[in-house]
Amino acid sequence: MNSSPTISPAPFALLPPNILEVLRWEEIFGNAHPVALDLGAGDGGFALAYAEARPDLNLVAVERLLGRVRKIARRAERRELRNLRVLRLESSYVLERLCPPGSVSEIHLLFPDPWPKRRHWDRRLLQVPFLELAARALRPGGAFRFVTDHAAYFEHGLEVFAQSPQFVRDDAEPAVPYPCTDFERGFRAEGKPIQGGVWRKRA
């Protein structure tokens with residue numbers, strides 16, 4: 001884990017004064033809107049478009065690579081997306097240490113590394129312990145959205161969710177359509193099938 005969350009520019013950089021203390025969403029965003037997390041935000045295509053489409057929602061883009069984080073922050077500044085912050089930390093750490101329990105309305109895990117070789121499957125982010133951290137961060141009824149272009153990883157994800165009694169599949173269409181990620185556009189252009197779903201934390 002990279003323990004340094006330092007990025008630029010402000011105010012779109014989320015710079016916790018202490019990464020051992022939970023975040024206070026209302027202080028960060030200046031309002032009490034619901035909070036969504038985009039874990040492994042990549043170049044930020046989804047986070048930027050979703051923040052623009054959902055001014056009623058506060059969005060935190062979590063990404064560990066500094067260059068990507070800076071790119072998202074610059075683009076957010078140009079678009080004046082005051083409901084978006086960018087945090088440079090590992091996703092598991094954010095869920096475990098920084099999210100107040102029951103404070104998050106949505107978690108988006110979009111096109112994570114599938115680690116296709118069998119000997120690397122234990123490196124996949126979507127595992128039962130990770131899902132338990134997500135359930136702890138989510139409010140009752142909160143949504144966990146998982147999307148991948150890798151069929152075997154999607155089947156793995158179904159098995160992981162099946163092991164968690166805290167989640168139930170939700171096939172309803174979202175009130176606001178989800179934007180495509182940059183990865184998704186590329187995969188669709190290549191003709192790759194995209195699979196995903198939304199699971200909700202039981203009330």
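Here a biologist asks about a predicted model and a modeller answers.

Biologist: How are residues numbered, and which pLDDT limits apply?
Modeller: Residues count from 1 along each chain as its sequence is written, and side-chain values use heavy atoms, without hydrogens or water. In this predicted model, totals for chains, interfaces and linings use all residues, side-chain atom pairs count only at pLDDT 80 or more, and local features need pLDDT of at least 70.

Biologist: At what angle do helices H2 and H3 pack?
Modeller: Helices (DSSP runs of H or I, at least four residues) and strands (E, at least two) are numbered from the N terminus. H2 spans residues 45–53 and H3 spans residues 66–79. Their axes, lines fitted to C-alpha atoms over the stretch in contact, lie 10 Å apart. The angle, on a scale from 0 to 180 degrees between N-to-C directions, is about 25°.

Biologist: Why is H2 described as roughly parallel or roughly antiparallel to H3?
Modeller: Angles under 35 degrees count as roughly parallel, over 145 as roughly antiparallel, 65 to 115 as roughly perpendicular and the rest as oblique. The angle here is about 25°, so H2 is roughly parallel to H3.

Biologist: Which residues of H3 meet H2?
Modeller: Contact means heavy atoms within 4.5 Å. From H2 come Gly45, Leu48, Ala49 and Glu52. Their partners in H3 are Ile72, Arg75, Ala76 and Arg79.

Biologist: Which element gives the largest share of the largest nonpolar core?
Modeller: A nonpolar core is a set of buried Ala, Val, Leu, Ile, Met, Phe, Trp, Tyr and Cys residues joined through side-chain atoms within 4.5 Å. The largest one has 37 residues, and Ile107 is among those with the most contacts inside it. Elements giving two or more residues include strand S1 (35–39) and helix H5 (128–137). The largest share, six residues, comes from H5.

Biologist: Is Glu26 buried or exposed?
Modeller: Glu26 sits in helix H1 (residues 25–29). Beyond its neighbours within four places in sequence, Glu26 contacts Asn31 and Ala32. Buried means under 20% relative accessible area, exposed over 50%, partly exposed in between (1.4 Å probe, protein chains only). Glu26 has 54% relative accessibility, so Glu26 is exposed.

Biologist: Is Phe111 buried or exposed?
Modeller: Phe111 lies in the loop between S4 and H5. Phe111 is not a glycine, yet its phi is positive, about 55°. Its relative accessible area is 10%, so Phe111 is buried.
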